[in-house]
Amino acid sequence: MKKYKGLARCSTIKQLNKGNSLNDQAESIRNYARKLGGEVSEIIQIQVSGSKMKLNSGVLQKVFLSSKEEGFELILSKLDRLSRDEFSLHQIKKVANEIGVQIHLAGLGKTIQEMSSIEFSILAMLDALAAMPFQLRLI
């Protein structure tokens, strides 16, 4: 049976229990792993704003490297759980490819590596646009 690691991220204390909660993300991750015929050995939980989620923060890099060393692929519930910054998303995809770690998106039913550059760019821009009202404090 294939083993996966999950990565769940929330931005605020409010999100911990409501909306895109860590529990909701964990359930999505586990369900997707079962759909792929595998199981999740660990779900890493991070509380940091998506616009601040960068590779150089250390957390993602450690997750990527440990996943590679242990032979795991990663599952996230959605692309915006990885980052909401378009430039960072492209960097993250590049580094994941270089390290050799597959990143599955449960909500899309595919890996970021399976996405064309255009598809990935459009989704990254949409995620960035969705975050804009929060960054401007309009909502």
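**Exercise 1. Place Arg9 in the structure and decide whether Arg9 is buried or exposed.**

Step 1. Arg9 sits in strand E1. Strands (E, at least two residues) and helices (H or I, at least four) are DSSP runs, numbered from the N terminus.

Step 2. The model is predicted: local features need pLDDT of at least 70, side-chain atom pairs count only at pLDDT 80 or more, and totals for chains, interfaces and linings use all residues. Residues are numbered from 1 along each chain as its sequence is written, and side-chain values use heavy atoms, with hydrogens and water left out.

Step 3. The relative accessibility of Arg9 is 0%, so Arg9 counts as buried. Buried means under 20% relative accessible area, exposed over 50%, and partly exposed in between (1.4 Å probe, protein chains only).

Step 4. Now compare sequence and space. Arg9 and Ala26 are 17 residues apart in sequence, and their C-alpha atoms are 9.9 Å apart.

**Exercise 2. Describe the surroundings of Lys5.**

Step 1. Lys5 also has its place in strand E1, which covers residues 2–10.

Step 2. Lys5 has a relative accessible area of 3%, so Lys5 is buried.

Step 3. Look for a polar partner. The side chains of Lys5 and Glu70 make a polar contact at 3.2 Å. Such a contact is a pair of N or O atoms within 3.5 Å; within protein, one must be able to donate a hydrogen and the other to accept it, and residues adjacent in sequence count only if both atoms are side-chain atoms.

Step 4. List contacts, meaning heavy atoms within 4.5 Å. Beyond neighbours within four places in sequence, the partners of Lys5 include Val40, Ile44, Ser66, Glu70, Phe72 and Ile75.

**Exercise 3. Give the overall layout of the protein.**

Step 1. Count the elements: there are five helices and five strands.

Step 2. Put them in order. Along the sequence the pattern reads β-α-α-β-α-β-α-β-β-α.

Step 3. Add burial. Of the 139 residues, 43% are buried.

Step 4. Turn to contacts with a separation of 6 or more. Residues 24 or more positions apart account for 70% of these.

**Exercise 4. Which residues touch the most other members of the largest nonpolar core, and which elements supply this core?**

Step 1. Start with the term. A nonpolar core is a set of buried Ala, Val, Leu, Ile, Met, Phe, Trp, Tyr and Cys residues joined through side-chain atoms within 4.5 Å. In soluble globular proteins, nonpolar side chains tend to be buried together.

Step 2. The largest core holds 21 residues; Leu7, Phe64, Leu79, Leu82, Ile103 and Ile112 touch the most other members.

Step 3. At least two residues each come from strand E2 (38–47), helix H3 (59–70), strand E3 (73–76), helix H4 (86–99), strand E4 (103–105) and helix H5 (117–135). H4 gives the most, with four residues.

Step 4. A second, separate core has 12 residues, among them Ala8, Ala26, Ile75 and Ala106.

**Exercise 5. Work out how H3 and H4 pack.**

Step 1. The angle between H3 and H4 is about 25 degrees, and their axes are 10 Å apart. Axes are lines fitted to C-alpha atoms, for helices over the stretch in contact; angles run from 0 to 180 degrees between N-to-C directions.

Step 2. H3 and H4 are therefore roughly parallel to each other. Angles under 35 degrees count as roughly parallel, over 145 as roughly antiparallel, 65 to 115 as roughly perpendicular and the rest as oblique.

Step 3. The crossing of H3 and H4 is right-handed. A crossing is right-handed if the near helix is turned clockwise from the far one by less than a right angle, and left-handed if anticlockwise.

Step 4. Name the residues that meet. H3 brings Leu60, Phe64, Leu65 and Lys68; H4 brings Ile92, Val95, Ala96 and Ile99.

**Exercise 6. Trace the contacts of Tyr32 and Ala106.**

Step 1. Tyr32 belongs to helix H2. Tyr32 counts as buried, at 7% relative accessibility.

Step 2. Ala106 lies in the loop between E4 and E5. Ala106 is buried too, with a relative accessible area of 17%.

Step 3. Leaving aside neighbours within four places in sequence, Tyr32 is in contact with residues including Ile75, His104 and Ala106. With residues up to four places away not counted, Ala106 touches Ser28, Tyr32, Ile75, Leu76 and Ser77.
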